[in-house]
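I set out to record the open and enclosed spaces of this structure, one annotated span and one residue. The entries follow the order in which I looked things up.

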Amino acid sequence: MPKQTFFNLPEAKRHTLMRAAEEEFSRAPLYEASIANIVKTAGIPRGSFYQYFADKEDAFFYLLDHLSHNRKTIFIELLKQHNGDLIEAVKGFFQLVITEDDNPDFVRNALLNMTYQIEDVIARIFCDQTNQEEFREISSLVDKTKLNIGDEKDIFHIIQILASVLVRNLVDTFARNLSYQTATDHLTVEMNLLKSGVYR
C-alpha cells in the first residue's frame with residue numbers, strides 16, 4: 001500500500017507516477033522491472049519514489065489492486081447482464097480480458113509470472129470472503145436455482161472453482177498466444193464440463 005505522502009500528491013502527479021509504473025510493469029515482469037525506469041519516465045528523483053512506496057512490489061500491487069477493483073465492477077455488471085448465470089458471466093469476463101486493449105501487457109506479465117500473492121489479488125475480483133459486504137453483493141446476484149448448492153458457503157466454493165479455471169485459461173491463452181476462437185473454445189469446453197458435472 002502506498003504511503004500517505006503518495007495520497008497527498010496532487011492527482012495529476014499521482015496519475016503520472018502510476019502511468020510510469022504501469023508502463024514499466026507492462027514492459028517487464030515484477031522481478032525484472034526497474035525503479036530507475038519508473039522514476040525516469042515519471043520525471044521524479046529516485047528518492048521521491050521511496051517517499052511514496054516502500055519498494056517496487058508496493059507499487060506493483062497497488063496497480064494490481066486498482067485493476068482488480070475495476071474488474072470486480074465489470075464482473076458484477078456481467079452477472080447482472082446474464083441474469084445471475086455465473087458461468088456465462090465468467091465466460092464474458094474471459095472474453096473481455098483476452099480482447100481488451102487497455103493494458104494487456106500489464107495483465108499478461110502479471111498472469112505469466114504468477115505468485116500466490118498475485119493469484120490472491122486476482123481471485124478477489126470474483127469473491128473476497130474477507131469482505132462480507134462484497135460477498136453478499138455478488139451472492140445476491142447469483143441465480144441459485146441453476147446451482148447444486150446446500151448453503152451460501154457453497155456459492156463461495158463454486159466461484160473459487162470457476163475463478164481457478166478462468167485464471168488457468170487466461171495463463172494458457174497468453175503463454176501459448178492462442179487465437180480468440182481457440183481460447184474461448186477451450187474455456188467453453190471446461191465450463192460445460194463443470195456445468196454438467198464430470199461424473200456420470
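The entries below begin with the basis of the values and then turn to pockets, cavity, annotation and residue.

**Basis.** I worked from a predicted model, in which local features need pLDDT of at least 70, side-chain atom pairs count only at pLDDT 80 or more, and totals for chains, interfaces and linings use all residues. Residues are numbered from 1 along each chain as its sequence is written, and side-chain values use heavy atoms, with hydrogens and water left out.

**Largest pocket.** I looked up pockets on a 1 Å grid over the protein atoms alone, a pocket being an open set of points with protein on both sides within 12 Å along at least five of seven lines, and lining residues having an atom within 4 Å of a point. Volume is the space filled by probe spheres set on the points, which are joined across faces, edges and corners. The largest pocket holds about 420 Å³. I noted 16 lining residues, with Ile-87, Leu-147, Ile-158, Leu-194 and Lys-195 nearest the centre. Helices (DSSP runs of H or I, at least four residues, numbered from the N terminus) that give two or more residues to this lining are α6 (86-99), α10 (152-176) and α11 (180-196). By class, I recorded 8 nonpolar, 4 polar and 4 charged residues.

**Second largest pocket.** Here the space is about 360 Å³. Of its 15 lining residues, His-15, Met-18, Glu-22, Leu-63 and His-66 are the closest to the centre. Two or more residues each come from α2 (11-27) and α5 (56-81), and α5 gives the largest share, 6 residues. I recorded 6 nonpolar, 4 polar and 5 charged residues in this lining.

**Cavity.** I then asked how many cavities of 30 Å³ or more there are, a cavity being a set of points where a 1.4 Å probe fits but cannot get out. The count is 1, and the largest cavity has about 170 Å³ of space. Its lining has 17 residues, and Leu-67, Val-97, Val-107, Ile-122 and Ile-125 are the closest to its centre. The elements giving two or more residues are α5, α6, α7 and α10. The lining divides into 14 nonpolar, 1 polar and 2 charged residues.

**Annotation.** I found residues 34-53 covered by the UniProt annotation "DNA-binding region", from an unreviewed entry. The end C-alpha atoms of this span lie 14 Å apart, and the span is 75% helix and 0% strand.

**Asn-109.** I placed Asn-109 in helix α7 (residues 104-112). Asn-109 counts as buried (under 20% relative accessible area, 1.4 Å probe, protein chains only) because its relative accessibility is 15%. Leaving out residues up to four places away in sequence, I found Asn-109 in contact (heavy atoms within 4.5 Å) with Phe-25, Ser-26, Arg-27, Ala-28 and Pro-29.

Notes: Buried < 20%, exposed > 50% of the residue type's maximum accessible area, 1.4 Å probe, protein only. Nonpolar A, V, L, I, M, F, W, Y, C, P; charged D, E, K, R; others polar. UniProt positions renumbered as here; feature names shortened; annotations may be inferred.
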